[in-house]
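This report goes through one protein chain, heading by heading. Please keep the sequence and the 3D view open while reading.

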Amino acid sequence: MKSAWMAIVAAVAVLALVAAASAAGHIEAATKFLVGWGKGSWEDVAATAAEKVTVSVGGKESTIDVAGKKAEATLVLPFKGLSTVREGGKVTAVTVEEITVKVGGEEKKGKGTLSLEEKDGKTLVTKVTVE
């Protein structure tokens, strides 16, 4: 009986470590994207984003054209407070507690969400939403 409990505890611990490692990878990708976007480092953005990223600020949408190295919206650094969002045990987004995005001369500061997709084993940002 004791060995069965130990096996269950070990299995749960392994699953927890796998989940934590997965979340850390998503947070790392989100951080690299945000810092790259904020500093204009297209290599970092390209490594962590889809070819086009939709930016929704206050109901208005603009685009980051990663392949064309053009952005209609700019991230104003710093940002803070990243955490993962899970659906069905899978990380689908990363929330940002405080983010500021500038579009057309207007700045919007609020809570943000980075929508994520997995492609060829990489985590990619597909959309940024600022509330």
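## The largest pocket

A pocket, as the word is used here, is an open set of grid points with protein on both sides within 12 Å along at least five of seven lines, and its lining residues have an atom within 4 Å of a point. The structure is a predicted model, and its largest pocket has a volume of about 180 Å³. The residues lining the largest pocket are V57, G58, K60, V101, V103, E106, E107 and K108. Two elements, β5 (90-103) and β6 (106-119), give two or more residues each to this lining.

Which element gives the most to the lining of the largest pocket? Strand β6 does, with 3 residues. Sorted by class, the lining holds 4 charged, 3 nonpolar and 1 polar residues.

## Confidence in the model

Mean pLDDT for the chain is 86. A value of 70 or more is reached by 82% of the residues.

The stretch to treat with care is residues 6-22, where pLDDT stays under 50. For this stretch the model has 2 contacts beyond four places in sequence. Where pLDDT is low, predicted coordinates should not be read in detail. Residues 6-22 fall in this low range, and they lie within helix α1 (2-39).

## Overall layout

The chain has 131 residues, of which 31% count as buried. Its secondary structure consists of 2 helices and 7 strands. In sequence order the pattern is α-α-β-β-β-β-β-β-β.

Among contacts with a separation of 6 or more, 44% are between residues 24 or more positions apart. A separate example of distance across the sequence is the pair K69 and S41: they are 28 residues apart along the chain, and their C-alpha atoms are separated by 9.4 Å.

## The nonpolar core

The largest nonpolar core has 25 residues, and the members that touch the most others are F33, L34, W37, V101 and V128. At least two core residues come from each of α1 (2-39), α2 (42-48), β1 (49-57), β4, β5, β6 and β7. Strand β5 gives the most to this core, with 5 residues. V101 appears in the core and also in the lining of the largest pocket.

What does V128 touch, leaving aside residues up to four places away in sequence? Its contacts are F33, W37, V53, T54, V55, S56, T113 and L114. Of these, F33 and W37 are also listed with V128 among the core members that touch the most others.

## Backbone features

The peptide bond from L77 to P78 is cis, with omega near 0°. P78 is part of strand β4 (residues 73-87).

Two residues that are not glycine have a positive phi. K69 has a phi of about 55° and is found in the loop between β2 (60-65) and β3 (70-71). D120 has a phi of about 50° and lies in the loop between β6 and β7 (122-130).

Are K69 and D120 buried or exposed? The cut-off for exposed is over 50% relative accessible area. K69 has a relative accessible area of 52%, so it counts as exposed. D120 is at 74% relative accessibility and therefore counts as exposed.

Definitions and conventions
Residues are numbered from 1 along each chain as its sequence is written. This is a predicted model: local features need pLDDT of at least 70, side-chain atom pairs count only at pLDDT 80 or more; totals for chains, interfaces and linings use all residues. Side-chain values use heavy atoms; hydrogens and water are left out. pLDDT is the predictor's confidence in each residue, from 0 to 100. Contact means heavy atoms within 4.5 Å. On a 1 Å grid over the protein atoms alone, a cavity is a set of points where a 1.4 Å probe fits but cannot get out, and a pocket is an open set with protein on both sides within 12 Å along at least five of seven lines; lining residues have an atom within 4 Å of a point. Grid points are joined across faces, edges and corners, and a volume is the space filled by probe spheres set on the points. Helices (H or I, at least four residues) and strands (E, at least two) are DSSP runs, numbered from the N terminus. Ala, Val, Leu, Ile, Met, Phe, Trp, Tyr, Cys and Pro count as nonpolar, Asp, Glu, Lys and Arg as charged, and the others, Gly among them, as polar. Buried means under 20% relative accessible area, exposed over 50%, partly exposed in between (1.4 Å probe, protein chains only). A nonpolar core is a set of buried Ala, Val, Leu, Ile, Met, Phe, Trp, Tyr and Cys residues joined through side-chain atoms within 4.5 Å.
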